[in-house]
Amino acid sequence: MRILYIFPHPDDESFGPAPVMWQQLEQGHQVYLLTLTRGGATKVRHELGLSVEEMGDVRYKEMLAVERVLGLTGMTVLDLPDSKLAEMDPREIEKVVKAHIRQIEPQVIVSYPVHGVSGFHDHLVMHAVVKRVYLEMKEGGSDYLKRLAFLTLPNKTEQPLQSGKFLMKHSRPDLIDCEVKLRPEDIEIMKKALNCYDTYQDVIKQANVVESIGDTVYFELYQEDHKPPLANLTDGL
């Protein structure tokens, strides 16, 4: 199957889904990544003395290293305005996302849930855009689209997970439809993907990414309800 991951920023693919992408490639699926921005607006640029454009070039090169580590079938990185997706006409974002979906014709699309995991506004815009495009294209006859999945974290505590400076959002247990178990080698791949982001190592440590993910990656499946949860995003298709 063809699986397309759509995220707004560099490193979104490595903060959780990278080991699942690796598994899917190992299973013989085609795995594609579409990233809408080059992530140049990050505050890290101030520490490095770089402009938004220069930081975007640095992060793009880091993404190329991730592409090689994971062995992705294909990767496209656009240059929409980082941290300003909420200020754009959403129809313009929808247009580029739709064009890419038409090019790939994936059976499964993966993006962020309604809470965006981190709550960052670019993530929230991404959710709304992908969901609208998915539904519009299915209604328009794009029958190859079979499943829309949202990468998430499980709500296992009474309070949101406070990890360093990051307040992570969660999905209720009843909303989680797929739980992908990670092997030690999958976790090592995630670490290698994260290590590609040389300029983001402090952020990665503050977020406790590897510890937060643990040995399972969780997904909501749009308009599906699976109890017990599926073991893979392609199960049942």
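Axes are lines fitted to C-alpha atoms, for helices over the stretch in contact, and angles run from 0 to 180 degrees between N-to-C directions. Contact means heavy atoms within 4.5 Å. Helices (H or I, at least four residues) and strands (E, at least two) are DSSP runs, numbered from the N terminus.

Welcome! The model is predicted: local features need pLDDT of at least 70, side-chain atom pairs count only at pLDDT 80 or more, and totals for chains, interfaces and linings use all residues. Residues are numbered from 1 along each chain as its sequence is written, and side-chain values use heavy atoms, with hydrogens and water left out.

**Exercise 1. Find how confident the predictor is along the chain.**

Step 1. Recall that pLDDT is the predictor's confidence in each residue, from 0 to 100. The protein chain has an average pLDDT of 93, and 95% of the residues score at least 70.

Step 2. Now look at residues 159-164, where the pLDDT is below 50. Beyond near neighbours in sequence, this stretch has 14 contacts in the model.

**Exercise 2. Work out the strand order of the open sheet and find its edges.**

Step 1. Two strands pair if DSSP finds at least two bridges between them. Seven strands form the open sheet, in the order S3-S2-S1-S4-S5-S9-S8, with mixed pairing.

Step 2. S3 and S8 each have a single partner strand, so one side of each is left without a neighbour in the sheet. On average, neighbouring strands of this sheet are turned by 25 degrees against each other, direction ignored.

Step 3. Check some pairs. S2 and S3 (residues 74-77) run parallel and are joined by four bridges; here tyrosine 32 has glycine 74 in S3 as its bridge partner. S8 and S9 run antiparallel, also with four bridges, and glutamate 179 is partnered by tyrosine 218 in S9.

Step 4. Place a helix on the sheet: H3 lies across S2 and S3 and runs at about 170 degrees to S3.

**Exercise 3. Follow the chain from S1 through H1 to S2.**

Step 1. S1 and S2 run parallel, joined by six bridges. Phenylalanine 7 stands opposite threonine 35 in S2.

Step 2. The β-α-β crossover from S1 through H1 to S2 is right-handed: with the strands pointing away from the viewer, the path from the first strand over the helix to the second runs clockwise.

Step 3. Is helix H1 largely enclosed or open? Seven of the nine residues of H1 (residues 18-26) are buried, so the helix is largely enclosed by the rest of the structure. Buried means under 20% relative accessible area, exposed over 50%, and partly exposed in between (1.4 Å probe, protein chains only).

Step 4. The buried residues of H1 include Val20 and Met21. Among the elements that the buried residues of H1 pack against are helix H3 (52-70) and helix H6 (184-195). Just after H1, glycine 28 has a positive phi of about 100 degrees.

**Exercise 4. Look for backbone features in the loops and in the segment after S9.**

Step 1. Glutamate 105, in the loop between helix H4 (90-104) and strand S4 (108-111), has a positive phi near 55 degrees. At 35% relative accessibility, glutamate 105 counts as partly exposed.

Step 2. Valine 117, in the loop between S4 and helix H5 (121-139), has a positive phi of about 65 degrees. At 10% relative accessibility, valine 117 counts as buried.

Step 3. In the segment after S9 sits proline 228. The peptide bond from lysine 227 to proline 228 is cis, with omega near 0 degrees.
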